[in-house]
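Please read the following report alongside the sequence and the model. It covers strand pairing, the nonpolar core and two loop residues.

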Amino acid sequence: MFGKKTDKMKRTQFLHTVTGGIAAACVSCLAAACSSSEAPTPASPPGQVPISNAFTVNLNSELRGINEFISKNGIILIRLATGDVPSSFLAVSSVCPHAGATVDYLSTKSSFVCLAHGSTFSSDGSLLTGPAAQGLTKLVVQIVGTTLTVK
Ligand code: FES
């Protein structure tokens with residue numbers, strides 16, 4: 001009888017040891033997951049659009065009129081002038097530099113607004129009012145023939 005009780009205590013001690021070890025292992029895993037050396041790398045450098053977001057436009061059928069725009073893949077592309085040359089277009093990231101909300105283009109006012117906290121941006125994407133601390137990220141427009149590509 002005494003020996004049986006001792007066996008039960010040993011099992012209890014064993015269970016405490018095992019569960020304590022598992023808990024310690026979980027804490028170690030969580031600490032490793034939160035360490036700065038394991039921080040995720042951004043998909044692309046700041047100010048650059050990931051290749052998957054780049055898109056093309058057929059200038060024979062799209063963006064024919066001044067102030068027409070396309071908002072797509074986190075990019076706002078606007079025709080500013082006639083002529084199918086890069087300087088006739090503005091492409092900016094629609095990601096607000098304040099906290100990452102999506103910025104809208106107000107074609108009637110030729111300006112941008114972020115409704116999340118009220119930042120406004122001029123027709124060229126420069127900052128007008130905060131809380132954002134900088135303007136919208138401008139992107140590269142290339143035109144080959146009648147195909148416009150935002151990069
Ligand atoms: S996220 Fe745009 S103003 Fe805050």
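## Strand pairing and core

V144 has T147 in strand 10 as its bridge partner. This is a predicted model, in which local features need pLDDT of at least 70 and side-chain atom pairs count only at pLDDT 80 or more, while totals for chains, interfaces and linings use all residues. Residues are numbered from 1 along each chain as its sequence is written.

Strand 9 and strand 10 are antiparallel and joined by 4 bridges. They form a hairpin with 2 residues between them, and G145 in the turn has a positive phi of about 65°. Strands and helices here are DSSP runs numbered from the N terminus, with at least two residues (E) for a strand and at least four (H or I) for a helix. Two strands count as paired if DSSP finds at least two bridges between them.

Strand 10 (residues 147-150) also pairs with strand 1, again in the antiparallel sense and over 4 bridges. Within that pairing, T149 in strand 10 is the bridge partner of T56. Together the 3 strands make an open antiparallel sheet in the order 1-10-9. Strand 1 (55-58) and strand 9 (141-144) are the edges; each has a single partner strand, so one side of each lacks a neighbour in the sheet. From one strand to the next the twist averages 25°, where axes are lines fitted to C-alpha atoms (for helices over the stretch in contact) and angles run from 0 to 180 degrees between N-to-C directions.

A further open sheet has 4 strands in the order 5-6-7-8, with antiparallel pairing. Its edge strands, strand 5 (104-106) and strand 8 (127-129), each pair on one side only. Strand 7 (residues 120-121) runs antiparallel to strand 8 and is joined to it by 2 bridges. T129 in strand 8 is the bridge partner of T120.

Over the protein chain, the secondary structure comes to 1 helix and 10 strands. The order from the N terminus is α-β-β-β-β-β-β-β-β-β-β. Of the 151 residues, 18% count as buried, that is, with 20 or more other C-beta atoms within 10 Å of their own; exposed means 12 or fewer and partly exposed in between, with C-beta atoms placed from the backbone.

The largest nonpolar core has 20 residues, of which L77 and A91 touch the most other members. Such a core is a set of buried Ala, Val, Leu, Ile, Met, Phe, Trp, Tyr and Cys residues joined through C-beta atoms within 7 Å. Strand 3 (75-79), strand 4 (89-93) and strand 10 each give two or more residues to this core. Apart from neighbours within four places in sequence, L77 is in contact with V57, F69, I70, F89, A91 and V150. Contact means that the C-beta atoms of two residues, placed from the backbone, lie within 7 Å. Among contacts in the protein chain with a separation of 6 or more, 37% are between residues 24 or more positions apart.

Two asparagines in loops have positive phi values. The table gives their positions and surroundings.

| Residue | Phi | Loop | C-beta neighbours within 10 Å |
|---|---|---|---|
| N67 | near 80° | between strand 1 and strand 2 (69-72) | 14 other C-beta atoms |
| N73 | about 55° | between strand 2 and strand 3 | 15 C-beta neighbours |

N67 is partly exposed, and N73 also counts as partly exposed.
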